[in-house]
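Let's take a walk through this protein together, starting with a charged pair and ending with the empty spaces. Please keep the viewer open as you read.

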Amino acid sequence: MSIPFLKGHGTENDFVIVPDPENTLDLTPAAVAALCDRRSGIGADGVLHVVRSAAHPEAKGMATAAEWFMDYRNGDGSIAEMCGNGVRVFARYLQHAGHVTEGDLTVATRGGVKTVHIDKAGDITVGMGRARLPEGDVTVSVGDRTWPARNVNMGNPHAVAFVADLADAGDLHTPPPFSPASAYPEGVNVEFVVDRGPRHVAMRVHERGSGETRSCGTGACAVAVATARRDGADPAATGDPATYTVDVPGGRLVITERPDGEIEMTGPAVIVAEGEIDAEWLESAVR
């Protein structure tokens with residue numbers, strides 16, 4: 001037996017896409033980790049399990065608002081609430097498979113229903129919802145250096161630290177320590193940020209459960225919000241949208257926070273390959 005899959009990426013945040021409309025596959029954490037292994041598997045930052053909302057117990061309540069559910073898994077097999085780059089690639093897959101066309105659609109995620117627009121030029125815009133800014137001081141560390149960080153929640157947790165040089169982030173192979181532990185009881189995505197120009201920043205990120213990735217959509221949104229607040233820009237107070245360009249190692253994203261608090265992320269999404277997973281290999285890989 002074999003299991004169809006595709007490979008795609010959004011600003012080089014890459015994913016194994018597993019179409020499974022009726023939710024018949026048992027994608028265990030071990031199976032996901034095996035697929036994402038870059039030496040012995042297909043290799044990816046995570047898995048996009050494509051399921052009809054009505055067929056998934058976690059998404060049935062969203063089925064009337066969104067036909068498709070993005071059952072997202074991190075590269076280590078753990079479950080994540082949301083993945084901004086993943087939503088764009090998920091939407092590109094739906095278009096590739098003929099389920100949707102250019103224009104507007106909705107995608108169910110564990111972080112809620114997301115609005116998506118596929119434009120004729122090829123970019124995809126995702127409505128990422130509103131940011132929450134929990135109170136309290138947070139710090140992150142690399143080696144013997146420590147920086148204050150802004151706590152931003154985009155449906156998943158982020159700690160945004162402004163540094164002098166992106167090399168200050170170290171190798172990002174292991175999660176940067178943070179304090180206090182109570183701020184992120186289930187771990188955190190950590191972004192290190194430098195300025196590139198007016199409303200233009202660059203970042204590196206350690207994604208919880210995946211290590212350093214080439215891009216993180218929710219992280220770019222968190223960075224844009226944290227930078228806007230640092231710059232004294234709050235669209236809810238001024239009535240003017242705030243747009244930031246965020247460079248990531250894998251490309252560029254444009255983030256806009258509107259006066260109503262809604263955040264939009266625009267960037268590319270590419271399907272690069274299709275194939276079949278050997279079911280016997282997958283079974284042996286998880287033993």
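Does R258 count as buried, partly exposed or exposed? Keep in mind as you look that this is a predicted model. R258 counts as partly exposed, because its relative accessibility is 30% and that class lies between the cut-offs of 20% and 50%. Its partner is E264: the two form a salt bridge whose closest N and O atoms are 2.9 Å apart. E264 is partly exposed as well, with a relative accessible area of 28%.

From here, let's turn to the other charged pairs. The structure holds 21 salt bridges, and one of them joins K7 to D14, with 3.3 Å between the closest N and O atoms. Here the setting is a buried one. K7 has a relative accessible area of 16%, so it counts as buried, and D14 is buried too, at 9%. Another bridge pairs R38 with D45, and its closest N and O atoms are 3.0 Å apart. D45 is buried, with a relative accessible area of 8%. If you display these four side chains together, you can see a further point: K7, D14, R38 and D45 are linked in a network of salt bridges.

Next, the nonpolar interior. The largest nonpolar core has 52 residues, and the members that touch the most other members are M70, M203 and I255. The element that gives the most to this core is α3, with eight residues. I255 is a good place to centre your view. Setting aside neighbours within four places in sequence, I255 is in contact with residues including A220, C221 and A224. Its contacts also include A242, T243, Y244 and V246, along with I263 and M265. One more contact of I255 is E264, which you met earlier as the salt-bridge partner of R258. There is also a second, separate core of 17 residues, and W147, A159, V163 and F192 are among them.

Now for the spaces, beginning with the one that is closed off. How many cavities of 30 Å³ or more does a search of the whole structure find? It finds one, and the volume of the largest cavity is about 90 Å³. Its lining is made up of 14 residues, of which N74, M82, N156, N189 and E207 are the closest to the centre. At least two lining residues come from each of β4 (68-74) and α3 (217-230). Recall that α3 is also the element that gives the most to the largest nonpolar core. By class, the cavity lining has seven polar residues, five nonpolar and two charged.

The last stop is the largest pocket, which holds about 230 Å³ of space. It is lined by 15 residues, and I3, L25, D26, L27 and L282 are the closest to its centre. The elements that supply two or more residues to this lining are β1 (2-10), α1 (29-36) and α5 (279-285). Which of the elements gives the most to the lining of the largest pocket? That is α5, with three residues. The pocket lining has 11 nonpolar residues, together with two polar and two charged ones. For a last look, set the two linings side by side: seven polar residues in that of the cavity, and two in that of the pocket.

Methods
Residues numbered from 1 in each chain as written. Predicted model: local features only at pLDDT ≥ 70, side-chain atom pairs only at ≥ 80, totals over all residues. Heavy atoms only, no water. 1 Å grid on protein atoms, 1.4 Å probe; cavity = no way out; pocket = protein on both sides within 12 Å on 5 of 7 lines; lining within 4 Å. Points joined across faces, edges and corners; volume = space filled by probe spheres on them. Helix = DSSP H or I, 4+ residues; strand = E, 2+ residues; numbered from the N terminus. Nonpolar A, V, L, I, M, F, W, Y, C, P; charged D, E, K, R; others polar. Core = buried A, V, L, I, M, F, W, Y, C linked by side-chain atoms within 4.5 Å. Buried < 20%, exposed > 50% of the residue type's maximum accessible area, 1.4 Å probe, protein only. Contact = heavy atoms within 4.5 Å.
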